[in-house]
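Thanks for coming. I have a few minutes, so I will keep to a handful of local features.

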Amino acid sequence: MSKKEFFSLSGDGKIILFDELGRGNEILFLYDENVEREHAYLTFLHGGLEKNELCLYAFPKEKARLSFQQGILKESIEKGQLHLLDIEDKLIEEKDKRKEYISTCIDRIETKLNEMYNLIEAEKYSTLRVLIDYGNIVESKEIDMIIDLEKKMLEKKVPFTAVNTFRISSLDYDSVKELIKIHKKIVFSTKNETSTMLPGFWTAKRRRNTSGVISQETLENFVKNSLETIVLAILYKKPMSGFHIIKIIHRCFHVSLSHGTIYPLLHSLKEEKILNVELGSDMKSMIYTPTEEGGKIIEKKLSDIVKTHEHLLSLIDGGLLAE
Amino acid sequence: MQIKEGGKIMFRNTIMGLGNVIHTEIPKGSTILVTGRPGTLKSSLAYTLLSKYLASKNEFGLYITLEETKASHERNMKSLGINIYPELKIFDYQVIRREYKGEKGEELDIIKGIEDAIKFYKEKEKKFTCIAVDSLNAVYSLIDLTNLREKMYNFFDTFKRYQLTSIVILETEILGNRMTYGGERFLADGIINLGTMKGKEDVTIYMQVEKMRATKHSRKKYQIGIDSNGLSILGHEYE
């Protein structure tokens, strides 16, 4: 299995794409209070649950609770794959008491993480996925405690993917700077704008294969116009059923396609002898596989697309114009 | 008056003797309901009408089978002497229904699925002109039945928006005493009822055109014959 994975967050009608997010990566997600985060959080947790990862969602009590009463989240909680941790969010003004209180919160998270590290080995989960929404409970003066916790996580040498989220209004410039130092990717989201940043490359020219923000509409149009290529690329990587192709496209592009779009396409690719179909081992799914000839056609198609896009990128970068 | 072929669907020549029942051609874009109890040749009639028309005009059509596999449907047609024409593509929903079955949180939106499939083939096939849905009962079994009349209006309207002549099969026995579920009899442009009559030695199957908008037709019951050449319409049963 590849050590890298595709990962995306969505919100405010925009999709944040991270290609090649490696395990051990930590993402810092800074948001203002108007940003809807539930969909992004659900996507992140679903991604982990589907990959047999042990997941933790820690959140300010009663403020960022997701819908756990149904579907995969409920089942995952019941079977112990998804753990929840309420973080108390009392506003304590007295300095000493507040420090003690925050320290207790961080200790609880650390205890829970240690418990989960042990579970990974004992119950054979592939890795750990952590989503901690600190909300606005942590203020700038307490950020050192978070940084210590993050460092301890890294020292464990247990593979993990983590998203740490903070409400931006609770932090000052220096705290944000400190947090950025220990995260590999940063997402900053306000009601009107979502940006991604890579520490060390802030002022660099646009880089390929890093990350980007794209509107839902653009992505939907892309999927619609490139559907055949996307389906062939998926099947070239791994034969599967129409049902699972729909799920993968939804996971990767946040675009919901109906069966009426995918199955006719699969039928016509089969008629063109690009795909073969046979009954799957579950005795209910029809699994589509590229034929030998189809495999060559797909390779050529994908190679042509990559070349065309590279050509376009070099034009955008000015390479062609410079000549 | 001479009929302009462009605006009419030429069904009369598809089955021998059908011209005695339907006297003038049916307007293109019509939605025709074919109703009857099990075993009254609903699928066979719908398939024959569409496939023979499409083959004669070199046009493309979609036959959506929701309860029967493609293989089973083709086997049944062949057993009745009905040819299989590539111009009428059989779209088998069995596989899709099976794959979605038991998947939590994954509902099969059949009406949207059919519309998307129509969209797909409209873009792919320039001469996509006809569609059959076998059966409406299966559609009902897969959707929430609240506001059904509105849903059926939109469902039938989809065919019109895409300028498709459509045949929708409705199993009447399942409905029991109720004649209609979602107002489909009112919404359809034409209704062909199929049924059985007890003869002296056997049971005969008849067809009766209950309504067919903008078309001259008989309302009598006509016996349907089956031989090695498929279906044919014999004389009418009753004066």
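I will go through a pocket, a surface patch and some backbone details. Bear in mind that this is a predicted model.

Let me start with the second largest pocket, which holds about 580 Å³ of space. Its lining has 23 residues, and those nearest the centre are A:Lys224, A:Leu227, A:Thr261, B:Phe120 and B:Glu123. Chain A gives two or more lining residues from each of α6 (216–225), α7 (227–237) and α9 (259–271), and chain B does so from α4 (110–124). That helix, α4(B), supplies the largest share, six residues. By type, the lining of this pocket has nine charged, seven polar and seven nonpolar residues.

Next, the surface. A:Leu312, A:Leu315 and A:Ile316 make up a nonpolar patch there, and their accessible area together is about 270 Å². Of these, A:Ile316 belongs to helix α10 of chain A, residues 292–316. A:Ile316 counts as exposed because its relative accessible area is 54%, and the cut-off is over 50%.

Now the backbone. Most residues other than glycine have a negative phi, and most peptide bonds are trans. Where in chain B do we find B:Leu41? It sits in the loop between β3 (31–36) and α1 (42–57). Its phi is positive, about 70 degrees, and B:Leu41 is buried, at 11% relative accessibility.

B:Asn147 also has a positive phi, near 50 degrees. This residue lies in the loop between α5 and α6 (148–161) of chain B, and at 56% relative accessibility B:Asn147 is exposed.

Last, the peptide bond from B:Asp134 to B:Ser135 is cis, with omega near 15 degrees. B:Ser135 is in the loop between β6 (128–134) and α5 (136–142) of chain B.

How values were computed. Residues numbered from 1 in each chain as written. Chains lettered and ligands numbered in written order. Predicted model: local features only at pLDDT ≥ 70, side-chain atom pairs only at ≥ 80, totals over all residues. Heavy atoms only, no water. 1 Å grid on protein atoms, 1.4 Å probe; cavity = no way out; pocket = protein on both sides within 12 Å on 5 of 7 lines; lining within 4 Å. Points joined across faces, edges and corners; volume = space filled by probe spheres on them. Helix = DSSP H or I, 4+ residues; strand = E, 2+ residues; numbered from the N terminus. Nonpolar A, V, L, I, M, F, W, Y, C, P; charged D, E, K, R; others polar. Patch = residues over 30% accessible without salt bridge, like charges linked within 9 Å, V, L, I, M, F, W, Y side chains within 5 Å. Areas by Shrake-Rupley, 256 points an atom, 1.4 Å probe, with all protein chains shown as cover. Salt bridge = Lys/Arg side-chain N within 4 Å of Asp/Glu carboxyl O. Buried < 20%, exposed > 50% of the residue type's maximum accessible area, 1.4 Å probe, protein only.
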